[in-house]
Amino acid sequence: MALLLRTHFKLAKTSIRENRTRSFLTCLGIAIGVASIILILSLMGSISNLIQNEIGEIGADLIVVRPSSTKDSVTSIVEELTSANSFQKSSLAISDVPAIAKLENVSAAAPIAISNNTIISEKNTLSSVPVLGTNLDFIKIEPLSMRYGAFLNEHNAENSVVLGHTLSLALFNTINSTVGKTVTIMGEKFMIVGVLDEVDKSINFDNIDFDNALIMDIDSLDRITGSTQIQQINIKAANTDSLSTISQDIENELFNQKLGDKNFTVAYGDAITHPASSLFTIVSGMLTIVAAISLVVGGIGVMNIMLVSVAERTHEIGIRKAVGASSRNILMQFLFEALILSILGGILGLILGYVLAFLLSVITPFAPYISWEIIAITFLTTISVGIIFGIYPALKAASKNPIDSLRYYR
Amino acid sequence: MSENTLIELRGLTKRYGYGDTESFALKDFDLTIKRGEFIMIMGPSGCGKTTLLNIIGLLDRASRGEYILNGENVASISARRQARLRAKKIGFVFQNFNLIEDLPILENVALPLVYTGYTKTSRLKHASNALKRFHLQEREYYLPYQLSGGQQQRVAIARAIVGNPEIILADEPTGNLDSRSSHIVMEELKAIHDEGNTIIMVTHNPALTVYATRVINMLDGQIDTDIKTVADANLPQPISVKIKKKKSEFSSLISADSKRSRKHKKSRRKR
C-alpha cells in the first residue's frame with residue numbers, strides 16, 4: 001500500500017509537471033483563497049496581541065465594567081453594531097462610578113463616555129471630534145503621559161479640557177503653545193490645560209483614539225450634552241491577587257444599584273480584549289467568509305482542471321485498468337493529483353499571505369502574526385478542499401468502463 | 001473438469017440493447033481451453049470475437065452464463081480481485097498497441113507491476129529484461145511515438161508478459177502491421193507459447209493460423225468450426241514464462257524453426 005501511494009505521488013508529480021501552466025494557475029486559485037485567510041488570521045492575531053500587550057503594560061490589576069449582559073455571543077455584537085450605539089441608553093450611570101470607587105480593594109474607578117461633538121478654536125472648526133468624558137481617576141489607570149501642561153485636577157475639572165496630540169495640531173496647527181487657549185464646545189468655553197504625548201495606539205481596550213480625542217470631566221460633558229452614555233468603567237484594583245473577588249464585589253454592588261437588573265459585564269484579564277475588538281471580530285468574520293468563498297472558487301478550479309485531466313486521460317485509464325489497476329487504484333491516482341494541487345496552492349498561499357501581512361505591517365501597526373494554529377488551519381483547509389473537490393473527478397475516473405476507455409482517443 | 005483445463009465457458013451470452021435494439025454478441029457460447037493452447041479465433045466483423053476476448057480478460061461481464069477461470073467462477077470474484085487477476089494472470093495485446101503516450105516504453109512495460117506491489121527498482125529491472133528479450137533494450141527511454149508500429153507492438157507484448165501471466169489475450173495484434181513486422185510479432189508470440197503459456201488470439205489473417213494449435217471460426221456469436229491441429233498431449237508444458245531465460249536458448253529455439261524465422265533474423269541483423 002505504501003509503495004502504491006508513492007507511485008501515485010510520483011504519477012501526480014509527473015502529471016502536474018507536464019501541465020505546468022495549467023497546474024500553476026489552478027494552484028494560484030487556491031493560493032489566493034488561502035492567502036486571504038492567512039492575512040485575516042494574522043491580522044486578528046496581531047490585533048489581539050496589541051491589546052494584550054497594552055493590558056500587560058497597564059498592569060494586571062485592571063477590571064473593566066461594560067454595559068449589556070451577554071458576553072461573547074455574536075448576536076450581541078451584531079446588535080451592538082447595528083443599533084446605532086451612541087443613541088442607545090447605556091445601562092451604566094454616572095452614579096455607579098463613585099459606588100464602585102467606594103468598594104474595598106478598589107483604588108481607582110474612571111468612567112469612559114464618548115460623544116462626538118463639534119469643536120471650535122480660534123483658528124479651525126472641527127466636527128465629529130470624539131470627546132471623552134471621564135473623571136480625575138482616569139490618569140491613575142491609564143498610563144498617559146503629558147506633552148505639555150497637566151491632566152485635569154479637582155480645581156479646574158469643571159471648565160478645562162486636555163487635547164490629544166493630533167487634535168491639538170488640527171485645531172491650532174501647533175502643539176507647544178496650545179495650553180492656556182480656549183475651545184468652544186456646544187457654546188461653552190473650555191480652557192486647555194494639557195496636551196497628551198503622542199500615543200499612536202489607535203486600537204486599545206478603551207476603543208479610543210487618544211491622539212484625536214479631547215478629554216474633559218464627565219460631569220461637564222453631561223452638562224453640555226444633556227445625557228452621557230457610559231460605554232465602559234475602568235477600575236484599578238488595590239491588589240492583583242483577588243481580581244475575581246473584587247469583580248464579584250463590583251458585580252454585587254452594581255446589581256444592588258440597578259435593583260436586580262443584570263445588564264452589565266465585569267471583565268478582567270484576557271476577557272477584556274474581546275469586546276474592545278468586537279468591530280474587528282465582525283469585520284474579520286465577514287472577511288473570512290469572503291476568503292472562504294474565494295477558496296471555494298479555487299476548489300472549483302481544481303475540480304474543473306481535474307475533470308479536464310480525467311477526460312484527457314480516458315485512454316490511459318482504460319490501459320491502466322486493462323493491465324490490472326482496480327477502480328480504487330485509479331481513484332487514488334486522481335485524488336492524489338487533486339490533493340497535491342491544492343496543497344501546493346496552500347503552500348503558495350501561506351507564503352503569499354505572509355508577504356502581504358508583512359507589506360501591511362509596513363504601513364499599519366499590525367505586525368505579521370505567525371502561529372502553528374494558523375499553519376495547521378491552512379493545511380487542514382487545503383487538504384479538505386483537495387478531497388472535497390477532487391473526489392468527484394476521481395470517482396468519475398474510477399467508474400470509467402475499461403472497454404469504452406480503450407476505444408477513446410484524444 | 002480436467003486438471004489441465006484453464007478456462008471453461010458455459011452458455012455464455014452477451015446481449016446489447018433491449019427490445020427492438022436487442023442484439024447478441026455471444027449466444028450460448030461454450031468453450032473449454034486447456035493450458036498451453038494457442039487458439040486463433042477467426043470470423044467476420046461483429047461475430048463477437050472481441051467481446052469474447054474482453055470477457056475472458058475480465059474487462060467485461062457476460063449477461064448470462066458461467067465463466068470458470070482456474071476452477072473458480074468469475075461471477076463470485078470481487079472487482080478488486082479481478083483487477084489483481086488481470087495484473088498477475090492475464091496479459092493483453094491490442095491491435096492499436098495501447099501504450100501510454102506520455103510514458104517512456106520502459107515504464108509502459110512496467111505498468112502491470114505497479115499494481116502488484118513491486119518496488120520501482122525491481123519493476124524497472126523486470127521491464128528492462130522483458131525489453132531485452134524483444135531487442136529493444138537500447139530504446140528503453142524512447143516514447144512510444146518514436147518507435148515503428150512493429151516495435152510498439154513488441155513493447156506491448158513485453159508489457160503483456162512482464163508479470164509472467166498464464167494467459168495472453170491478443171486482439172488482432174498484427175492488424176496494424178506490415179507483413180514483415182507481423183511475422184516478427186508472431187514469432188515472439190510463438191516463443192512465448194512454446195514456454196507453456198496459453199495464448200488466445202483474434203485475427204483476420206488466415207496465413208497466421210500456422211502458428212496456432214487450435215483454430216476457431218465464429219459466426220453470429222457462436223462457434224462455427226473448431227479445429228485442433230496439435231493433440232492435447234503434445235501441448236507445451238505449462239511452465240510460466242521465464243523472461244530471464246538465456247538468450248542462447250531463445251535464439252536456438254528460433255533457428256530450429258521455419259524459414260520465415262530465419263528471414264526475420266536476417267532482417268533484424270540488417271537493422
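This dialogue covers confidence, one residue of chain A, and the contact between chains A and B.

Q: What kind of model is this, and how are residues and chains labelled?
A: The model is predicted; local features need pLDDT of at least 70, side-chain atom pairs count only at pLDDT 80 or more, and totals for chains, interfaces and linings use all residues. Residues are numbered from 1 along each chain as its sequence is written, chains are lettered from A and ligands numbered from 1 in the order in which they are written.

Q: Where in chain A is confidence lowest, and where is it highest?
A: pLDDT is the predictor's confidence in each residue, from 0 to 100. Where pLDDT is low, coordinates should not be read in detail. Chain A averages 83, and 89% of its residues score at least 70. Confidence is lowest in helix α3 (residues 74-82) of chain A, at a mean of 56, and highest in helix α11 (residues 314-322) of chain A, at 93. Helices are DSSP runs of H or I, at least four residues; strands are runs of E, at least two; both are numbered from the N terminus.

Q: Is A:Ala213 buried or exposed?
A: A residue is buried if 20 or more other C-beta atoms, placed from the backbone, lie within 10 Å of its own, exposed if 12 or fewer, and partly exposed in between. A:Ala213 has 22, so A:Ala213 is buried. A:Ala213 sits in the loop between β7 (188-196) and β8 (214-217) of chain A.

Q: How many residues of chain B are in contact with chain A?
A: Contact means C-beta atoms, placed from the backbone, within 7 Å. 21 residues of chain B are in contact with 17 residues of chain A. On that side of chain B, α2(B) gives the most, with six residues.

Terms used. Two residues are in contact if their C-beta atoms, placed from the backbone, lie within 7 Å.
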